Amino acid sequence: MTLSPRSPSKSSLLAQALFEGLAAKDLDWLAELAEPRHYAKGQTVFDQGGDAKHLFVVESGRLKIFTTSSGGALNVLGMFGPGTHVAIVSLFGFDTYPAGCEALEETRLLALPARQLAKRLSQDPAMAMAMLKRAGKRLDLLLGSYLELKGLTPLERLARHLL
């Protein structure tokens with residue numbers, strides 16, 4: 001895949017998404033491992049309950065992460081754009097994705113094979129710790145947002161969303 005001059009290199013995109021603080025050689029390894037994928041608007045990236053084989057980094061476009069209840073109700077967990085990652089559970093021993101993912105518009109992703117990445121992380125504790133630190137920051141932000149929203153009434157949540 002050829003990136004346009006305005007697009008960041010794979011290495012810099014990966015550094016934004018999850019791998020901030022990694023050595024250049026590690027970012028280059030990740031960039032070589034990453035497989036570019038394109039998705040049309042509405043196309044499924046992975047299904048809830050599907051085999052968790054990849055970690056994805058959003059190069060362009062937007063994704064929706066969601067769950068579907070046994071009764072068919074859709075619960076949107078979040079929307080993610082360029083420089084973010086989804087499906088990190090694939091690195092932590094999950095056999096299946098706990099949620100589904102769909103492209104909200106034409107989207108380009110970098111797919112990182114979970115098994116290869118997990119193997120490398122088991123051999124390189126510094127790389128693993130750098131990733132855990134970045135993932136922990138994101139988890140902290142998500143938890144803060146959840147707790148903040150939980151304290152609001154439905155009307156206040158709607159007003160915040162519209163603003």
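In helix H2, Lys25, Asp26, Trp29, Leu30 and Leu33 meet Gln116, Leu117 and Arg120 of helix H3. That helix pair is a good place to start a tour of this model, which is a predicted one. From there we can move on to a four-stranded open sheet and then to a couple of loop residues.

**How H2 and H3 pack**

- Two packed helices are described by the angle between their axes and the distance between the axes.
- For H2 (residues 24-33) and H3, the angle is about 160 degrees and the axes are 11 Å apart.
- Angles over 145 degrees count as roughly antiparallel, and H2 and H3 are therefore roughly antiparallel to each other.
- The crossing of H2 past H3 is right-handed.

**The two sides of H2**

- Asp26, Leu27, Leu30, Ala31 and Leu33 are the buried residues of H2.
- Looking down the axis of H2, you will find these buried residues within an arc of 160 degrees, so they line one face of the helix.
- On the face turned away from that buried side, H2 carries the exposed residues Ala24, Lys25 and Glu32.
- Two of the H2 residues that meet H3 make a nice contrast: Lys25 and Asp26 both take part in the contact, yet Lys25 is exposed, whereas Asp26 is buried.

**A closer look at Asp26**

- Aspartate 26 sits in helix H2, and its relative accessible area is 5%.
- Buried means under 20% relative accessible area, so aspartate 26 counts as buried.
- Which residues does aspartate 26 touch, leaving aside its neighbours within four places in sequence? They are Arg120, Asp124 and Met127.
- Arg120 belongs to H3 and is itself buried.

**The two sides of H3**

- Helix H3 spans residues 114-123, and Ala114, Leu117, Arg120 and Leu121 are buried in it.
- These buried residues cover an arc of only 130 degrees around the axis, which puts them on the same side of H3.
- Arg115, Lys119, Ser122 and Gln123 are exposed, on the face of H3 turned away from its buried side.
- Leu117 and Arg120 also appear among the H3 residues that meet H2.

**The open sheet**

- Four strands form an open sheet in the order S2-S7-S4-S5, and their pairing is antiparallel.
- Strand S2 (44-46) and strand S5 (74-80) are at the edges, where each has a single partner strand, so one side of each is left without a neighbour in the sheet.
- From one strand to the next, the twist averages 30 degrees.
- In the pairing of S4 (residues 63-68) with S7 (residues 100-103), four bridges link the strands in the antiparallel sense.
- If you would like a landmark there, look for lysine 64, which stands opposite glutamate 102 in S7.

**Two loop residues worth a visit**

- Alanine 87 is found in the loop between strand S6 (85-86) and S7.
- Its phi is near 75 degrees, a positive value in a residue other than glycine.
- Is alanine 87 buried or exposed? With a relative accessible area of 13%, alanine 87 is buried.
- Threonine 84 is in the loop between S5 and S6.
- The relative accessibility of threonine 84 is 25%, so this residue counts as partly exposed.
- Threonine 84 and arginine 62 are separated by 22 residues in sequence, while their C-alpha atoms are 9.6 Å apart in space.

Terms used: Residues are numbered from 1 along each chain as its sequence is written. This is a predicted model: local features need pLDDT of at least 70, side-chain atom pairs count only at pLDDT 80 or more; totals for chains, interfaces and linings use all residues. Side-chain values use heavy atoms; hydrogens and water are left out. Two strands pair if DSSP finds at least two bridges between them. Axes are lines fitted to C-alpha atoms, for helices over the stretch in contact, and angles run from 0 to 180 degrees between N-to-C directions. Buried means under 20% relative accessible area, exposed over 50%, partly exposed in between (1.4 Å probe, protein chains only). The arc is that of the directions from the helix axis to the C-beta atoms. Angles under 35 degrees count as roughly parallel, over 145 as roughly antiparallel, 65 to 115 as roughly perpendicular and the rest as oblique. A crossing is left-handed if the near helix is turned anticlockwise from the far one by less than a right angle, and right-handed if clockwise. Contact means heavy atoms within 4.5 Å.
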